[in-house]
Amino acid sequence: MSSPPHLDIGERRSEQGSGRSLRSVFVAVAVFYVSGALLNGSYLYEDAQQREFGPARTVWMKATRPLAEISEFLKLHVLRDQVEKLRKE
Amino acid sequence: MIFTTVDFALFFALVFSLCWALRGQVTLWKWVMLGASWFFYGYWDWRFLGLLGASSVLNHYTAVGISRSENAHFRRGLLIVAVVLNLGSIAFFKYSEFFFDQVFWFGNTFGMVSDYNFWLDSKDSLSLIVLPVGISFFTFQALSYVFDVYRGKMKPADTLLDFSLYLAFFPQLVAGPIVRAIDLLSQVARPTIPQTLDVGRATFLILGGLFKKIVIANFLSERIVDPVFANPEFYGAWDSLFAIYGYAIQIYCDFSAYSDMAIGFCLLMGFHIPINFDAPYLADSIQKFWRRWHISLSSFLRDYLYIPLGGSRGKSEGMVARNLLITFLLGGLWHGAGWTFIAWGGLHGSYLMIERWGGKWLQARDIQWDGPLAAILRRVVVWHLVCLSWLFFRGQSFGEAMGMLRSLGDWQAPVELLSWSVVFVLVVGYLSQLMDGDRCEKIWDRFEKWHPVKQGFLTAVILIVILGLGPKGVAPFIYFQF
């Protein structure tokens, strides 16, 4: 076995200055989490209900219930519902 | 805590925020990151935090001792202590029961077992030993550190805190990549505040990893791989053949997904670690396969076992064959305590030996196997040789592997599980290799040009689609068992 080249794409791109500023990445990550929580609200609540009974389950349900309600009110759960319907077909 | 769960998403949101909020206060940052990594590990099983802590202390101070001493014997002695203790811990947790079974089999076969109750009670006790998740990975990382300090390739970490953080750093702690100290230690010991973060590549790797794991690997596992491997006698050749292909794609997608996501999370925290896969099933030789599959392990075995044994510069072809076999047999054993894993490793060692001798034979006769048709044929041959070896890797026993091979003889049996959706997902899984390396760099760069609100929203939409396409429930990653 001869030595393979060391593939460090990260180092190369770092030297090239690829990427976005920290501020920009923070905004993107924040938008991701908010959008993800709302688009997935109903399923997060469903997932919380499946957890083992106990304080953790209670906290998760309290935290995800408002997300589920907002998601259903704004019909944001439709995307995932449609994709799941497609998968079942 | 598995990457594909809501729990991890919340954990990462907190750690990501703290990582950047505290980056300017280096010592506090290190303690917080170490605490987060220990929390991540303890979430699996808090009992093994002691093992992680002990490994950090043992390996760091051994390396410090090695670097400070000028006595060659003392240095070598410390190295041996580190190797024995590290491999000893893996041997205890991973191989005790296997070793015991072999001793019992040997004794029973030659009539040396007199007290069966003693053996049965002992086996019951050994079966209570729980394998700490990630032990094979972080132990090899620690060994690479001690070896590299011994060889003078690097200095030991300035503090135990630095080394502990390197060893426990959560993205790659439980299932790799096996990141060497020379690649990551200096980054976590002296964290900088970079001007930019490679958000395009990070997002691509994380989403790509989620797609490969949730949609492809879990689908193939549920639809065809698990049912056929569980009862091969109920299925015919078509189902069995595609179950074997399915497993090859499943294990690639499952394992590369974890590595990709680990790299992506590191990138978001401003660190870069080497890639672990580079389109392995596009290789046209077994040698090239091993330069593309689980690169961190194969390069570890190459640098710390194969080359010290003599490598391909052995005095004779017999010595080279010995070096290859030892390396691959131990590589197989690393994966699991079972003869099937050893057989898997031995098969690859044999493939490499035959490929080496075959190559020399062709070269001596000036026979060349080039051209586009030859290139395709070579890839088809390598793919099938690798798939054959996966039979032993996946099978719980030789009987299971042989059962799968026998079922390949029945081409008249009706097709039960194979469907166009399975074939489609298999093809998509095979093509997902094109996401490895920097083949999609243009996509990363295009994503980076978008407004951050668009980046965040689109990423959320793609995530929801991935979650919708995947089966319900959280399937663990295959390499957690190693």
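Two helices count as roughly antiparallel when the angle between their N-to-C directions is over 145 degrees. Keep that cut-off in mind for the exercises below, which walk through a predicted model.

**Exercise 1. How do helix 3 and helix 4 of chain B run relative to each other, roughly parallel or roughly antiparallel?**

*Step 1.* Start with the geometry: helix 3 (residues 49-68) of chain B packs against helix 4 of chain B at about 165°, and their axes are 9 Å apart.

*Step 2.* Apply the cut-off from the opening: angles over 145 degrees qualify, and therefore helix 3 and helix 4 of chain B are roughly antiparallel to each other. Their crossing is left-handed.

*Step 3.* Now find the residues that touch. Helix 3 of chain B brings L58(B), N59(B), T62(B), G65(B) and I66(B), while helix 4 of chain B brings R75(B), L78(B), L79(B), V81(B), A82(B) and L85(B). Sorted by class, this contact holds seven nonpolar, three polar and one charged residues.

**Exercise 2. Work out how helix 4 of chain B sits against helix 6 of chain B.**

*Step 1.* Helix 4 spans residues 72-109 and helix 6 spans residues 135-150; their axes come within 10 Å and cross at roughly 175°.

*Step 2.* The same test applies: with the cut-off at 145 degrees, helix 4 and helix 6 of chain B are therefore roughly antiparallel to each other.

*Step 3.* On the helix 4 side, the contact includes R75(B), L79(B) and F93(B), and on the helix 6 side it includes I135(B), L143(B) and Y150(B). The class count is 10 nonpolar, four polar and one charged residues.

**Exercise 3. Is F242(B) buried or exposed?**

*Step 1.* Locate the residue: F242(B) belongs to helix 10 (residues 237-268) of chain B.

*Step 2.* Count its surroundings. A residue is buried if 20 or more other C-beta atoms lie within 10 Å; F242(B) has 23 such neighbours, so F242(B) counts as buried.

*Step 3.* Look for partners beyond four places in sequence: F242(B) is in contact with I224(B), L418(B), V422(B) and L426(B). Take L418(B) as an example: it lies 176 residues away along the chain, yet the two C-alpha atoms are separated by 7.1 Å.

**Exercise 4. Describe where chain A meets chain B.**

*Step 1.* Count the participants: chain A gives 36 residues to the contact and chain B gives 37.

*Step 2.* See which elements of chain A take part. Helix 1 (9-16), strand 1 (20-21), helix 2 (22-39), helix 3 (41-49) and helix 5 (78-88) each supply at least two residues. The largest share, 13 residues, comes from helix 2 of chain A.

*Step 3.* Sort the chain A side by class: 17 nonpolar, 11 polar and eight charged residues.

*Step 4.* Check the strands too. Strand 1 of chain A and strand 1 (residues 196-197) of chain B pair in the antiparallel sense over two bridges. R20(A) has L197(B) as its bridge partner.

**Exercise 5. Compare the settings of K75(A) and A279(B).**

*Step 1.* Recall the background: most residues other than glycine have a negative phi.

*Step 2.* K75(A) has a positive phi, near 60°, and A279(B) also has a positive phi, near 50°.

*Step 3.* Place each one. K75(A) lies in the loop between helix 4 (55-73) and helix 5 of chain A; A279(B) lies in the loop between helix 10 and helix 11 (286-289) of chain B.

*Step 4.* Use the neighbour counts within 10 Å: K75(A) has 9 other C-beta atoms, so K75(A) is exposed, whereas A279(B) has 19, so A279(B) counts as partly exposed.

Notes:
Residues are numbered from 1 along each chain as its sequence is written. Chains are lettered from A and ligands numbered from 1 in the order in which they are written. This is a predicted model: local features need pLDDT of at least 70, side-chain atom pairs count only at pLDDT 80 or more; totals for chains, interfaces and linings use all residues. Two residues are in contact if their C-beta atoms, placed from the backbone, lie within 7 Å. Helices (H or I, at least four residues) and strands (E, at least two) are DSSP runs, numbered from the N terminus. Ala, Val, Leu, Ile, Met, Phe, Trp, Tyr, Cys and Pro count as nonpolar, Asp, Glu, Lys and Arg as charged, and the others, Gly among them, as polar. Two strands pair if DSSP finds at least two bridges between them. Axes are lines fitted to C-alpha atoms, for helices over the stretch in contact, and angles run from 0 to 180 degrees between N-to-C directions. Angles under 35 degrees count as roughly parallel, over 145 as roughly antiparallel, 65 to 115 as roughly perpendicular and the rest as oblique. A crossing is left-handed if the near helix is turned anticlockwise from the far one by less than a right angle, and right-handed if clockwise. A residue is buried if 20 or more other C-beta atoms lie within 10 Å of its own, exposed if 12 or fewer, and partly exposed in between; C-beta atoms are placed from the backbone.
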